Amino acid sequence: MSDTEAALLIVDDIEDNRFALSRRLAREGYLNVTTAADGRQALDLLNSRPFDLVLLDIMMPNVNGYEVLAEMKADERLRHIPVIMISAVDEIDSVIRCIELGAEDYLPKPFNPTLLRARVGACLERKRLYDQVTARTRELTEALEQQTATSEVLQVISRSPGELESVFQTMLENATRICEAKFGVMWLCEGEGFRSVALHGPAAHVEERRREPVIYPGPELPLGRVARTRQIVHIADIRTEPAYIERSPTFVGLVDAGGARTFLAVPMLKESELIGAISIYRQEVRPFSEKQIELVQNFANQAVIAIENTRLLNELRESLLQQTATSEVLQVISSSPGDLEVVFQKMLQNATRACDAKFGNMLLFEGGAFRTVALHNAPSAFAEERQRNPVLRPNPGTGLGQVASTKQTVQIADAQAEPAYHSDPARVAFVHLAGARTFLTVPMLKEGELVGAIAIYRQEVRPFTDKQIELVSNFAKQAVIAIENNRLLNELRESLQQQTATADVLKVISRSTFDLQTHTR
């Protein structure tokens with residue numbers, strides 16, 4: 001801060017005094033000087049813009065210098081501004097009172113120009129050092145807060161691998177708090193829209209977002225611009241935005257109901273793919289600083305890393321689960337040769353569990369119909385129905401009907417959205433009886449011939465992944481192998497029985513011939 005940049009405020013009720021002091025300071029190189037004619041005007045100026053030094057007269061009408069000084073030192077925003085008291089009163093009691101109230105110095109009138117220059121310079125130097133220390137302290141505090149916030153997020157990630165909800169919530173809370181925002185939302189892309197996955201702020205804002213978690217922002221709205229440009233969107237005052245002026249319902253609700261004024265949205269990018277966004281809001285017009293924007297960017301990057309780590313972890317868990325399930329089935333096959341009921345039950349149990357399905361059934365295809373041979377975790381009403389009527393002749397529009405006609409895997413994302421649900425009473429009864437919404441039916445094929453099928457069901461709309469479908473396909477192949485092995489084993493047993501029976505007959509014939517020869521002799 002140079003002398004020409006230093007902002008000085010002269011407070012004196014006598015215009016000649018203000019003029020003379022301003023000229024004297026200008027000669028010393030202080031060109032940024034403001035004057036006030038009374039204490040109230042001085043306080044108004046101090047609350048409207050920053051000053052580096054106040055030269056304050058004591059004896060003024062209405063609000064005197066003592067009162068102005070007392071108010072300044074009681075105000076957290078003003079107490080650091082140095083004050084030099086200037087007065088014709090040259091009594092030691094007045095000097096002591098001013099120093100006790102917090103004045104940096106005291107100059108009697110008429111003042112000595114050399115003394116004025118020295119004391120103004122000394123006060124401004126102390127103010128400059130104070131500003132440097134304050135700025136450095138603020139930087140260190142912000143850096144510590146950011147490091148602490150980052151550490152908290154990393155701790156949550158390490159404690160809760162694969163649990164993104166707590167990670168997202170911690171990230172958003174820290175971003176909102178450190179950036180001095182009022183509330184915030186973390187979004188993940190969902191089709192053409194955004195789904196809120198973490199909320200922080202006033203209860204009314206949180207409840208509103210929970211009622212409508214998915215939004216489809218138009219291209220003129222901030223999140224729409226993020227989706228279109230993959231760039232940060234920073235709006236100093238939402239009320240100046242064309243969308244607000246044109247009374248866009250989303251913007252009007254955000255400002256009028258939520259009180260939002262300054263807005264920041266930072267994209268979450270994986271390479272160039274938009275994964276989601278972090279948006280934070282202030283309820284006053286106060287743009288976010290570059291460091292605050294950088295902090296939110298860091299959180300956005302960490303969120304993407306957490307999502308990717310969770311994906312990899314889930315893939316690893318799924319792979320291990322599938323390997324375990326396959327191993328268990330192979331153990332059952334080897335330990336129970338020829339016992340297909342046990343093998344089918346274990347296969348179905350593992351397929352249902354490994355694919356995160358609610359229940360399942362396995363069927364064999366015989367004489368143009370399907371016969372239920374295994375059930376796992378089926379709802380009691382559905383299980384009872386299958387036990388009473390184990391043989392099914394499905395309509396062509398159903399999953400089993402499509403498998404029978406195409407010999408291809410069939411996945412129905414939502415049974416209630418299928419045409420067959422609205423036209424086939426049996427289909428309606430099945431869906432309601434089992435509570436099934438998403439289901440997967442995989443054919444069991446032997447050299448292109450349909451042997452049976454494995455069907456697994458979810459009671460919510462959530463399609464099975466490609467890896468889960470692949471796992472069920474592997475179980476279907478193992479089931480066919482088990483059936484073929486069982487057939488061969490039965491044939492071998494039958495052949496052995498026949499050979500044993502023949503051997504027994506030959507033994508009897510041999511003994512009878514010997515006995516006959518002996519008797520003849």
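What kind of unit do strand 3, helix 3 and strand 4 make? In this predicted model, strand 3, helix 3 (residues 65–74) and strand 4 form a β-α-β unit, and that unit is right-handed. It's a handy place to start, with the sheet around it coming next.

The two strands of the unit belong to an open sheet of five strands, ordered 2-1-3-4-5, with parallel pairing. Strand 2 (33–36) and strand 5 (105–108) sit at the edges with a single partner strand each, so one side of each has no neighbour in the sheet. On average, neighbouring strands here are turned by 20° against each other, if direction is ignored. As a quick reminder, the strands of a sheet pair through backbone hydrogen bonds, and they can do this either parallel or antiparallel.

Strand 3 (residues 53–57) deserves a closer look. Strand 1 (residues 8–11) pairs with strand 3 in the parallel sense, over four bridges, and Leu 9 has Val 54 as its bridge partner in strand 3. Strand 4 (residues 83–87) also pairs with strand 3 in the parallel sense, again over four bridges. Here Val 54 turns up once more, with Val 83 as its bridge partner in strand 4, while Leu 55 is partnered by Ile 84.

Is strand 3 mostly covered or mostly open? Mostly covered: five of its five residues are buried. The cover is found on both faces, with Leu 53, Leu 55 and Asp 57 buried on one side and Val 54 and Leu 56 buried on the other.

Helices come into the picture too. Helix 2 (residues 39–48) lies across strand 1, strand 2 and strand 3, and runs at about 140° to strand 2. Helix 2 also meets helix 3, the helix of the β-α-β unit. How do the axes of these two helices cross? They come within 9 Å and cross at roughly 20°. Since angles under 35 degrees count as roughly parallel, that makes helix 2 roughly parallel to helix 3. The crossing itself is right-handed. On the helix 2 side, the residues in contact are Gly 39, Arg 40, Leu 43 and Leu 46, and on the helix 3 side they are Val 68, Glu 71 and Met 72.

Further along the chain there's another sheet, this one with antiparallel pairing: an open sheet of six strands in the order 8-7-6-11-10-9. Its edge strands are strand 8 (214–215) and strand 9 (233–235), each of which pairs on one side only. Helix 6 (residues 164–178) packs on this sheet, where it touches strand 6, strand 7 and strand 11, and its direction makes about 70° with that of strand 7.

Within this sheet, strand 6 (residues 183–190) pairs with strand 11 (residues 273–282) in the antiparallel sense over six bridges, and Trp 187 stands opposite Ala 277 of strand 11. Strand 6 also pairs with strand 7 (residues 193–200), antiparallel over seven bridges, with Gly 184 opposite His 200. Strands 6 and 7 make a hairpin with two residues between the strands, and in this hairpin Gly 191 takes a positive phi near 65°. Strand 7 then pairs with strand 8 in the antiparallel sense over two bridges, and Arg 195 stands opposite Val 214 in strand 8.

Notes. Residues are numbered from 1 along each chain as its sequence is written. This is a predicted model: local features need pLDDT of at least 70, side-chain atom pairs count only at pLDDT 80 or more; totals for chains, interfaces and linings use all residues. Side-chain values use heavy atoms; hydrogens and water are left out. Buried means under 20% relative accessible area, exposed over 50%, partly exposed in between (1.4 Å probe, protein chains only). Two strands pair if DSSP finds at least two bridges between them. A crossover is right-handed if, with the strands pointing away from the viewer, the path from the first strand over the helix to the second runs clockwise. Axes are lines fitted to C-alpha atoms, for helices over the stretch in contact, and angles run from 0 to 180 degrees between N-to-C directions. Angles under 35 degrees count as roughly parallel, over 145 as roughly antiparallel, 65 to 115 as roughly perpendicular and the rest as oblique. A crossing is left-handed if the near helix is turned anticlockwise from the far one by less than a right angle, and right-handed if clockwise. Contact means heavy atoms within 4.5 Å.
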